[in-house]
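Visitor: Please take a close look with me at the second largest pocket, and at how the residues of its lining divide by class.

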Amino acid sequence: MRRCRAMLVTVLVALVALVGCSRQVEGTALRDPVQAPLTVSDDGYGVVAGFDSAPVRIEIFTEPQCSHCADLQADFGDQLGYYIGVGALKVTYRPLIFLDDRRNGHSARVANALFLAAETGATGTQFQRFVQELWANQDPGGPGPSDDEMADMARAAGMSEEVANRIGTGGSAVNIVEMDEANFEYLYEIDNLSTGTPTVYDPVTDERLDIYDDDWLTKLMQS
């Protein structure tokens, strides 16, 4: 009889614990990740993903045909998207097109698609996923993805049909030559000895980050 009572008490305690957990969640609520804004930078040559109130800010210089840039996205893209979505990180993407061998080549067209996304209402987290899709489907030395293929990547990233269709038209969203010149000049000011991509720059501390440290992003967010 005592054993039965002990078992009954144990069951009741377990039930109370379960009910308590289902009713109350402690801690600070996170931002809705779909609401992270996406804009064009003040100088017109970068695409900015994230909230203005984000405590950490970085600038990423990237080339659409750069294999190391693809590695950066493969290794850290999901983390970047998470931190953008919860309001902890604001990222400015600054495309370069030095690997193009012709006018309106692979890199130029991908870079233009980034600005098309920014001008038609995509969110910051969607944009980060779009970047990951584009860099995961590189065609170095080749023509690169078609406008329709980039539109499909935009849909895969969660962008609306309006945004995807705008990307699919391939219309001009930025002066590519001026963008490339301005972003390269900015990159040269950051490091005039090594002006390659990817370069990740912290404008708050005025430092080029060591992205070959596997924990660079975690350390940055904890600093």
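Guide: The lining of the second largest pocket divides into 2 nonpolar, 3 polar and 7 charged residues (Ala, Val, Leu, Ile, Met, Phe, Trp, Tyr, Cys and Pro are nonpolar, Asp, Glu, Lys and Arg charged, the others, Gly among them, polar). This is a predicted model, in which local features need pLDDT of at least 70 and side-chain atom pairs pLDDT 80 or more, while totals for linings use all residues. Residues are numbered from 1 along each chain, and side-chain values use heavy atoms, without hydrogens or water.

The charged part of this lining includes Asp42, Asp43, Asp52, Arg57, Glu59, Lys90 and Arg94, the polar part Thr39, Ser41 and Thr92, and the nonpolar part Val40 and Val48. A pocket here is an open set of 1 Å grid points where a 1.4 Å probe fits, with protein on both sides within 12 Å along at least five of seven lines, and lining residues have an atom within 4 Å of a point.

The strands β1 (38–40), β3 (56–62) and β4 (89–95) each supply at least two lining residues, strands being DSSP E runs of at least two residues and helices H or I runs of at least four; the largest share, 3 residues, comes from β4. About 160 Å³ of space lies in this second largest pocket, a volume being the space filled by probe spheres on the points.

For context, the largest pocket has a volume of about 370 Å³, and among the residues closest to its centre are Arg103 and Ile176. Its lining has 8 nonpolar, 6 polar and 6 charged residues, and draws its largest share, 5 residues, from the helix α3.
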